[in-house]
Amino acid sequence: MPDYTNGDGVIVRVVQGRATKVEGNPDHPINRGVATARYDSTLQILYHPDRIKEPLSRYSKSGNVINVSWNKATNDLKNIIRESKDKITVITNPTRGHSSYVTNEFAKRFGAKNMHFDPIVQNIQQNTMKRIFDLDRLPHLDIDNTKTILSFGADWLSTWNSPAQYNEMYGNFREGKDGERGYFVHVDPRMSNTAASADVWLSPIPGTEGHLALGIAYEIITNKLVEPKNINKFLSVIDFDMGEFSTSSVAKKCDISEEKIKEVAKHFAKYTPSIAFAGGSSEAHTNGSFIASAVYSLNILTNSVNTKGGILPNPEGALPKINSSASGNSLSEWEKEIEKWSNGDVKTLIIRGVD
């Protein structure tokens, strides 16, 4: 049962020694049996005629690759590691679980530096979780049990994080509890699959998503739509001057009608538990940290932190030395590392699972 990078659990059907079908595992807590198109793509990769099935070796930059035996490839790697000593860098995607443990132990054993490359950086989201909620890991979004969803940028029904899990939870959200159907608002300048599924789609000027979130907060605070203790906690956590985010000024800034902002604010505050989260395009702006902080802080107003139907902390790893969270190295760290390559301070690069 392979485990995908987004945590999905799968069952592979094998006929006469050949994998023929990949399905979601109904007993897995992440996707609960739901499957996505990427499962079928694994079979295409497995049986693709151009798939590399044995080690290839190249002895010069412009030379052709040639087939070599596994024994020769293994021995060559051993010799290279021995000759490189402590001038080795191991590059992987951000890994968790046993993959992370094996990589870290390998790097320690041979004095290598371990670098993580993540083209879809989640550092902004992780830093926001630490700063606002004091969480060291990405949280669990309890979409199953919420009544109102307010999402910014994250195409969570299509590609963001774990779409198989989110689609299964979305079905339960739409069925509702006690016959009350969930209400969904999505904020994104682009008409994504997620935006097409929303009850209300707000399309602000790109980069103004954070202003819109604080405009919603302003409406909730000035009209006292939530308990005073929640408002006080919100104001103690954020470091923004709320006077700059009046509903009227935000409406002009974002090119969203003032009536729409007020409508969303009232619904988000009234029909709880409610949840607000950001990701994807909303984090990709130069002010991505501001946007993420503004959006996630909305959960404080509705008391949706560590509450059923809101933002729930994921547990620590059950086994020692097994990471439960991972992130890519920063751009500045990569600049320093690449400079070392240019200076000849690194003799060997070992790349695994990342382009």
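T247 sits in helix α9, which covers residues 247–254. This is a predicted model, and in it T247 has a relative accessibility of 3%. Buried means under 20%, so T247 counts as buried. Looking past the neighbours within four places in sequence, T247 is in contact with G215, Y218, E219, E258, I261 and K262.

**The chain as a whole**

- There are twelve helices and 13 strands in the chain.
- The C-alpha trace spans about 70 × 55 × 40 Å along its principal axes.
- Of the 355 residues in the chain, 45% are buried.
- Take the contacts with a separation of 6 or more: 65% of them come from residues 24 or more positions apart.

**The four-stranded sheet**

- One open sheet has four strands in the order β10-β9-β8-β11, and the pairing is parallel.
- Its edge strands are β10 (200–202) and β11 (274–278), and each of them pairs on one side only.
- From neighbour to neighbour, the strands of this sheet are turned by 10° on average, with direction ignored.
- Strand β8 (residues 148–152) runs parallel to strand β9 (residues 183–187), and five bridges join the two.
- If you want a register point for β8 and β9, I149 stands opposite F184 in β9.
- Helix α5 (residues 163–175) lies across β8 and β9, and runs at about 130° to β9.
- Helix α7 (residues 209–222) also packs on the sheet, where it touches β8, β9 and β10.
- The direction of α7 makes about 150° with that of β8.

**The three-stranded sheet**

- Another open sheet has three strands, ordered β6-β5-β13, again with parallel pairing.
- β6 (113–116) and β13 are at the edges with a single partner strand each, so each has one side without a neighbour in the sheet.
- Here the twist averages 20° from one strand to the next.
- Strand β5 (residues 88–92) pairs with β13 in the parallel sense, over five bridges.
- Within that pair, T89 stands opposite L349 in β13.
- Helix α12 (residues 331–342) lies across β5, β6 and β13, at about 130° to β6.

**The second largest pocket**

- The second largest pocket has a volume of about 460 Å³.
- Its lining draws two or more residues from each of β3 (56–57), α2 (70–84) and β13 (348–352).
- The lining comes to 15 residues, and those nearest the pocket centre are L56, S57, L77, I80 and L349.
- By class, eleven of the lining residues are nonpolar, two are polar and two are charged.
- L349 turns up twice in this briefing: it is among the residues nearest the centre of this pocket, and it stands opposite T89 in the three-stranded sheet.
- Strand β13 likewise has two roles here, as a contributor to the pocket lining and as an edge strand of the β6-β5-β13 sheet.

Methods. Residues are numbered from 1 along each chain as its sequence is written. This is a predicted model: local features need pLDDT of at least 70, side-chain atom pairs count only at pLDDT 80 or more; totals for chains, interfaces and linings use all residues. Side-chain values use heavy atoms; hydrogens and water are left out. On a 1 Å grid over the protein atoms alone, a cavity is a set of points where a 1.4 Å probe fits but cannot get out, and a pocket is an open set with protein on both sides within 12 Å along at least five of seven lines; lining residues have an atom within 4 Å of a point. Grid points are joined across faces, edges and corners, and a volume is the space filled by probe spheres set on the points. Ala, Val, Leu, Ile, Met, Phe, Trp, Tyr, Cys and Pro count as nonpolar, Asp, Glu, Lys and Arg as charged, and the others, Gly among them, as polar. Two strands pair if DSSP finds at least two bridges between them. Axes are lines fitted to C-alpha atoms, for helices over the stretch in contact, and angles run from 0 to 180 degrees between N-to-C directions. Contact means heavy atoms within 4.5 Å. Buried means under 20% relative accessible area, exposed over 50%, partly exposed in between (1.4 Å probe, protein chains only).
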